[in-house]
Amino acid sequence: MNLQPLLDALDIQENAAQAMADGLRTQIEELHGRLREAQTHLEHLAITRKTVTALADRLPARTSSPDVPEHPDYPPILAVFNEATCPLRARDVCEALDHELLPKNIEGTRAKLKRLVKLGILTELDAGSFAKKS
């Protein structure tokens with residue numbers, strides 16, 4: 001009986017299975033590497049969270065509302081509205097801040113007042129008339 005064709009078929013299947021196993025081992029090694037990178041990244045994030053949380057207690061408290069934009073023009077504008085007894089126009093705010101009553105100054109102030117309206121700090125009662133939101 002001639003077993004050679006059967007042995008040749010087994011060789012082909014063994015070679016295919018060996019190639020598949022080698023390919024899977026390579027994928028496993030790549031996945032182990034990616035897993036190590038992900039674990040390292042998670043450890044770094046945990047350290048960062050711990051550091052940020054520890055530092056948060058040491059930060060000074062904010063003196064202004066967190067909604068107020070970080071710009072030096074806004075606190076004086078809000079101070080004008082804190083003293084106001086009636087709605088103000090951009091021109092009134094410029095006068096209160098001793099700005100020259102030039103169109104560029106009035107328009108710049110109006111833009112800032114509109115931004116404060118969008119942030120919910122001021123309200124626009126009618127076109128161009130602003131008041132502090134209560």
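1. In this predicted model, the largest nonpolar core comprises 16 residues. Those with the most contacts inside this core are Ile77, Leu78, Phe81, Val93, Leu113, Leu116 and Leu122. At least two residues of the core are supplied by each of α2 (74–83), α3 and α4. The largest share, five residues, comes from α2. In soluble globular proteins, nonpolar side chains tend to be buried together.

2. Phe81 merits separate attention as one of the core residues with the most contacts. When its neighbours within four places in sequence are set aside, Phe81 is in contact with Leu88, Val93, Leu113, Leu122, Phe130, Ala131 and Lys132. Among these partners, Val93, Leu113 and Leu122 are also listed with the most contacts inside the core.

3. On the cysteines, a search of the whole structure returns zero disulfides. Cys86 takes part in no disulfide, and the nearest cysteine sulfur, that of Cys94, lies 16 Å away. Because a disulfide requires cysteine sulfur atoms within 2.5 Å, the 16 Å from the sulfur of Cys94 to that of Cys86 does not qualify. The surroundings of the two residues are described by their relative accessible areas: Cys86 is partly exposed at 45%, whereas Cys94 is buried at 0%.

4. The backbone at Asp98 should be noted. Its phi is near 60°, a positive value in a residue other than glycine. Asp98 is placed in the loop between α3 (90–96) and α4 (103–118). The residue is exposed, with a relative accessible area of 69%.

Key: Residues are numbered from 1 along each chain as its sequence is written. This is a predicted model: local features need pLDDT of at least 70, side-chain atom pairs count only at pLDDT 80 or more; totals for chains, interfaces and linings use all residues. Side-chain values use heavy atoms; hydrogens and water are left out. Helices (H or I, at least four residues) and strands (E, at least two) are DSSP runs, numbered from the N terminus. Buried means under 20% relative accessible area, exposed over 50%, partly exposed in between (1.4 Å probe, protein chains only). A nonpolar core is a set of buried Ala, Val, Leu, Ile, Met, Phe, Trp, Tyr and Cys residues joined through side-chain atoms within 4.5 Å. Contact means heavy atoms within 4.5 Å.
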